[in-house]
Amino acid sequence: MLVHLMLELYNIDRDILSDESLLRRTLSELPERVAMEKVSPVHLYDIDTSNPLDAGMSGFVVIAQSHVSLHAWPEYGEVDIDICSCKEFSQEDAIAFAKEIFKTEDVEAHFVVRATRSLRPEEPDPVRYEQAMEARRLAKLGVR
């Protein structure tokens, strides 16, 4: 199973949405706020399009369970945030964090359950898990 929370936050101050360090911090801290394991650095891009009103910043961070992404449009006072994960998480905590960071109460939230036929179990098979951990340990030692 895969859960996908999509947030659209509106009426945000343009300066907040133009603050690269704040957007990086959002992507860096949000996974921990919803008990996710971050496995990549934050990737954030300054997007300059043919329409200057659509310019903004887009970024993502990979989590062990999938990803967190955001798209900020200062000209429209809007940021969209997606959290996609094969691990359940607190939607309420994610929404509260986003409202706090972006200083708005104007939030639209959508939640979708995906991959309902996935063969990935909620808990890994203990024997296969131990075998995978041992293989990882040996690989780190350079033993094949």
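Q: What relative accessibility does Glu20 have, and which exposure class does that give it?
A: This is a predicted model, in which local features need pLDDT of at least 70 and side-chain atom pairs count only at pLDDT 80 or more, while totals for chains, interfaces and linings use all residues. Residues are numbered from 1 along each chain as its sequence is written, and side-chain values use heavy atoms, leaving out hydrogens and water. Buried means under 20% relative accessible area, exposed over 50%, and partly exposed in between, with a 1.4 Å probe and protein chains only. Glu20 has 40% relative accessibility, so Glu20 counts as partly exposed.

Q: Which residue does Glu20 meet in a salt bridge?
A: A salt bridge here is a side-chain nitrogen of Lys or Arg within 4 Å of a carboxyl oxygen of Asp or Glu. Glu20 and its partner are four residues apart in helix α2 (residues 20-33), so about one helical turn separates them. The partner is partly exposed at 32% relative accessibility. At 3.3 Å from N to O, the side chain that meets Glu20 is that of Arg24.

Q: Which residue pairs with Arg25 in a salt bridge?
A: Side chains of opposite charge can pair when their charged atoms come close. Arg25 is partly exposed, with a relative accessible area of 39%, and its partner sits four residues away in helix α2, about one helical turn along. The N to O distance is 3.3 Å, and the partner is Glu29.

Q: How many residues apart in sequence are the parts that the pair Glu75 and Arg14 ties together?
A: The closest N and O atoms of Glu75 and Arg14 are 2.4 Å apart, which makes a salt bridge. Glu75 lies in the loop between β4 (66-73) and β5 (78-85), and Arg14 in helix α1 (residues 14-17), so the pair ties together parts whose separation in sequence is 61 residues.

Q: What pattern do the helices and strands follow along the sequence?
A: Helices (H or I, at least four residues) and strands (E, at least two) are DSSP runs, numbered from the N terminus. There are four helices and six strands in the protein. Read along the sequence, they give β-α-α-β-β-β-β-α-β-α.

Q: Which element gives the most residues to the largest nonpolar core?
A: A nonpolar core is a set of buried Ala, Val, Leu, Ile, Met, Phe, Trp, Tyr and Cys residues joined through side-chain atoms within 4.5 Å. The largest one has 30 residues, and those with the most contacts inside it include Leu9, Val79 and Phe102. Elements that each supply at least two residues include β1 (2-9), β3 (56-63) and α3 (91-102). With five residues, the element that gives the most is α3.

Q: What share of the contacts with a separation of 6 or more joins residues 24 or more positions apart?
A: Contact means heavy atoms within 4.5 Å. Val79 is one case to look at: leaving aside neighbours within four places in sequence, its contacts include Leu7, Leu17, Leu70 and Phe102. For the protein, the share from residues 24 or more positions apart is 61%.

Q: How far apart are the mean positions of the positive and negative charges?
A: Lys and Arg count as positive and Asp and Glu as negative, without His and the chain ends. Each charge is placed at NZ of Lys, CZ of Arg, CG of Asp or CD of Glu. For the 16 positive and 27 negative charges, the distance between the mean positions is 10 Å.
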